Amino acid sequence: MARIELEEVVKMYGDLEAIHRVSLDIQDHEFMVFVGPSGCGKSTLLRMIAGLETISDGEIRIGGKGVNALEPRYRDIAMVFQDYALYPHMTVRDNLIFGLKIRGASAAEKDDRLKEVADILQIGELLDRKPGQLSGGQRQRVAMGRAIVRRPSAFLFDEPLSNLDAKLRVDMRMQIKRLHSLLSTTTVYVTHDQVEAMTLADRITVLRDGYIEQVGTPAELYANPVNLFVAEFIGSPSMNFFDATYVNEGGKAEIVAGDGLRFPSTIGGRRNGSPVVVGIRPEHLEPPRFGEADQPIQCNAKAVLLEPLGSDTMALCQTHGLDIMARLTPGRVSGPGDQVDLTIDPRQVHLFDPANGMRLTAESSV
């Protein structure tokens with residue numbers, strides 16, 4: 001097992017700085033997910049950990065040992081790629097033990113590890129087939145098995161599920177989660193899919209343009225996004241945003257959006273009339289219950305578009321001159337044009353500074 005430390009890591013491509021002095025501490029046994037849009041640097045960062053990309057500056061340590069100058073084969077890591085990278089002319093059995101053969105493992109060791117991996121991934125009946133005879137999900141399990149059989153200090157996954165259909169992606173997510181719970185091996189996983197990130201990770205690193213925006217547990221990123229970018233990226237469907245104004249009349253501070261939708265202010269020290277951005281998640285427009293001391297905000301809205309999903313209904317609504325997406329229980333609306341009462345929990349309203357995108361708190365001021 002291994003702790004992975006990145007200290008002031010930089011990656012240059014000519015004059016272009018792709019990774020900007022990134023520092024990150026990935027704990028032993030942790031499942032860390034790098035997530036972000038295309039071009040944010042997540043795969044580049046993973047490849048630098050693996051040794052497949054050189055480091056322009058800074059240091060990477062695996063298990064306390066600096067690895068900047070080490071070739072990939074000496075870093076005691078195993079990588080699973082998006083395209084499986086299986087040898088088409090070899091059987092599953094031979095693909096799995098190929099790395100052990102190169103390392104000179106004994107026949108008994110190869111048999112023991114092969115049986116262990118086949119049992120973990122439930123691929124015993126596939127051992128005599130070749131990759132061309134396997135489904136996408138089966139090939140991905142073999143690719144993971146080839147990594148597991150080595151018993152590395154860390155697993156690196158580079159968007160391993162992006163070639164699979166929706167159902168297989170869900171199935172394989174569960175397989176990977178189960179695998180980590182069984183092996184407890186330090187894992188770094190790259191994806192652009194925030195649902196994968198939320199369901200798999202112990203902690204998530206959100207990247208944008210080669211910078212780390214926020215690191216935290218899925219719950220922390222969901223409940224307390226540090227800025228507009230993280231708030232929009234984490235959560236499916238995305239958070240609603242609209243422009244608003246801080247108003248203080250007679251000592252009563254409020255946030256006013258649209259043509260009169262008002263929220264009690266949860267931020268301090270703003271100038272009267274200063275702009276803010278309000279964020280509300282679709283699932284927080286219909287809270288299940290409130291206590292006696294709570295004061296939910298009620299507003300009447302008109303449903304414009306509906307997306308029935310079975311367990312709930314996504315509804316694009318209009319209220320106070322604003323378009324807002326709401327996740328509603330089935331039956332609340334029957335069709336476009338229906339009126340629906342939305343209930344907003346003020347504790348779930350997020351406020352951001354439009355100038356820099358940062359989250360506003362009670363200590364924020366202008």
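In this predicted model, helix α5 contributes four residues to the lining of the second largest cavity, the largest share of that lining. Strand β7 (154-158) and helix α5 (166-183) are the elements that each supply at least two residues of this lining. The residues around the second largest cavity are F31, F155, F157, I176, L179, H180, L183 and T187. By class, six of these are nonpolar and two are polar, with no charged residue in the lining. The space enclosed in the second largest cavity is about 40 Å³.

F157, part of this lining, also takes part in an aromatic pair. The structure contains six aromatic pairs. In one of them, the ring centres of F157 and Y189 are 5.6 Å apart and the ring planes lie at 35°, so the pair is classed as tilted. F157 belongs to strand β7 and Y189 to strand β8 (residues 186-191); with these positions 32 residues apart in numbering, the pair links distant parts of the chain.

Two cavities of 30 Å³ or more were found in a search of the whole structure. The largest cavity holds about 40 Å³ of space. Its lining is made up of I255, F263, P264, T266, P346, V349 and L351. Six residues of the lining of the largest cavity are nonpolar and one is polar, and charged residues are absent.

Open pockets were also characterised. For the largest pocket, the volume is about 560 Å³. Its lining comprises 18 residues, and those closest to the pocket centre are I77, M79, R103, R146 and R150. Two or more lining residues come from each of strand β6 (77-80), helix α2 (92-102) and helix α4 (136-148). The lining of the largest pocket consists of 13 nonpolar residues, four charged residues and one polar residue.

The second largest pocket has a volume of about 170 Å³. A total of 14 residues line this pocket, and R347, Q348, V349, H350 and R359 are the ones nearest its centre. V349 also appears in the lining of the largest cavity. Helix α7 (218-223) and strand β19 (350-352) each provide at least two residues to the lining of the second largest pocket. This lining is composed of six nonpolar, five polar and three charged residues.

The strand arrangement was examined for one sheet. Strands of a sheet pair through backbone hydrogen bonds, in either a parallel or an antiparallel manner. Here, four strands are arranged in the order β2-β1-β4-β5 as an open sheet with antiparallel pairing. Strands β2 (16-26) and β5 (65-66) form the edges, each pairing on one side only. Strand β4 (residues 57-62) and strand β5 run antiparallel and are joined by two bridges. Within this pairing, R61 is positioned opposite G66 of β5. Helix α1 (residues 42-50) packs on the sheet and touches β1 (4-13), β2 and β4. The direction of helix α1 makes an angle of about 115° with that of β1.

Definitions and conventions:
Residues are numbered from 1 along each chain as its sequence is written. This is a predicted model: local features need pLDDT of at least 70, side-chain atom pairs count only at pLDDT 80 or more; totals for chains, interfaces and linings use all residues. Side-chain values use heavy atoms; hydrogens and water are left out. On a 1 Å grid over the protein atoms alone, a cavity is a set of points where a 1.4 Å probe fits but cannot get out, and a pocket is an open set with protein on both sides within 12 Å along at least five of seven lines; lining residues have an atom within 4 Å of a point. Grid points are joined across faces, edges and corners, and a volume is the space filled by probe spheres set on the points. Ala, Val, Leu, Ile, Met, Phe, Trp, Tyr, Cys and Pro count as nonpolar, Asp, Glu, Lys and Arg as charged, and the others, Gly among them, as polar. Two strands pair if DSSP finds at least two bridges between them. Contact means heavy atoms within 4.5 Å. Axes are lines fitted to C-alpha atoms, for helices over the stretch in contact, and angles run from 0 to 180 degrees between N-to-C directions. Rings of Phe, Tyr and Trp (its six-membered ring) pair if their centres lie within 6.5 Å; planes under 30 degrees apart count as stacked, over 60 as edge-to-face and the rest as tilted.
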